Amino acid sequence: MKSKYDSVVQVRKRQLDSAEKKLHQALARKSENEMLYKLSQEEYRDLNTLPHTGSITELKSSLAMMNVGREALARAKEKVDLSKQEIKHYEFLYQKAHLEYEKMKVLELAELKEQQKALEKLEQKFLDEVALSRFFKEKKYE
């Protein structure tokens, strides 16, 4: 049976699926950013040692590399934090879409139950009419 909520339920389902897809994509980006952050930490640890011997240019280049590593580490940390915020946002959108979808499903189910009751009433009326007509038909032949 069709209800007036069918199209709304389909739209809400598409919105729910879209929110779920975006949430999964955000989770994938977060794990990728966390992996890049760990790699940046390892690189920074490797660059964090100053040479004990050598010229001033080696010392300056080593310090420059440490600064570059520190900046890369800060950017990677920022991306991880942004990913966490993005996930919170998409989790909220998913929950909202899920709630709306469930509301529409409940309304659709209630309408279908009402339609079912109306059909059962009509069927009962029809059966009563058939029974009455048979009853009077049998009385007529007696």
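This note goes through selected residues, ring interactions and the largest pocket of a predicted model.

1. Asp 6. This residue belongs to helix α1, which covers residues 6-47. Asp 6 counts as buried because its relative accessibility is 17%, and the cut-off for buried is under 20%. Once neighbours within four places in sequence are left aside, the contacts of Asp 6 are with Met 1 and Glu 108.

2. Gln 115. Helix α2, residues 56-141, contains Gln 115. With a relative accessibility of 24%, Gln 115 counts as partly exposed. Outside its neighbours within four places in sequence, Gln 115 is in contact with Met 1, Lys 2 and Ser 3. Met 1 thus appears in the contact list of Asp 6 and in that of Gln 115.

3. Gln 115 and Leu 23. These two residues are 92 residues apart in sequence. In space, the distance from C-alpha to C-alpha is 37 Å.

4. Aromatic pair. The structure holds 1 aromatic pair. Phe 135 and Phe 136 form this pair, with ring centres 5.6 Å apart. Their planes meet at 65°, so the arrangement is edge-to-face; the cut-off for that class is over 60 degrees.

5. Accessibility of the paired rings' residues. Phe 135 has a relative accessibility of 43% and therefore counts as partly exposed. Phe 136, at 53%, counts as exposed, given that the exposed class begins over 50%.

6. Charges over rings. Two lysine-tyrosine arrangements can be checked in the model. The charged end of Lys 13 sits over the ring of Tyr 101, at 5.5 Å from the ring centre. The charged end of Lys 77 sits over the ring of Tyr 37, and here the distance to the ring centre is 5.7 Å.

7. Largest pocket: volume and lining. The volume of the largest pocket is about 160 Å³. Its lining consists of Arg 12, Gln 15, Ser 18, Ala 19, Lys 22, Tyr 90, Leu 93, Lys 96, Ala 97 and Glu 100. Helices α1 and α2 each supply at least two residues of this lining.

8. Largest pocket: composition. By residue class, the lining of the largest pocket divides into 4 nonpolar, 2 polar and 4 charged residues. Tyr 90 is one of the lining residues, and tyrosine is counted as nonpolar in this division. Arg 12, Lys 22, Lys 96 and Glu 100 are in the lining, and residues of these types count as charged.

How values were computed: Residues numbered from 1 in each chain as written. Predicted model: local features only at pLDDT ≥ 70, side-chain atom pairs only at ≥ 80, totals over all residues. Heavy atoms only, no water. Helix = DSSP H or I, 4+ residues; strand = E, 2+ residues; numbered from the N terminus. Buried < 20%, exposed > 50% of the residue type's maximum accessible area, 1.4 Å probe, protein only. Contact = heavy atoms within 4.5 Å. Phe/Tyr/Trp six-rings, centres within 6.5 Å; stacked < 30°, edge-to-face > 60°. Lys NZ or Arg CZ within 6 Å of the ring centre and 35° of its normal. 1 Å grid on protein atoms, 1.4 Å probe; cavity = no way out; pocket = protein on both sides within 12 Å on 5 of 7 lines; lining within 4 Å. Points joined across faces, edges and corners; volume = space filled by probe spheres on them.
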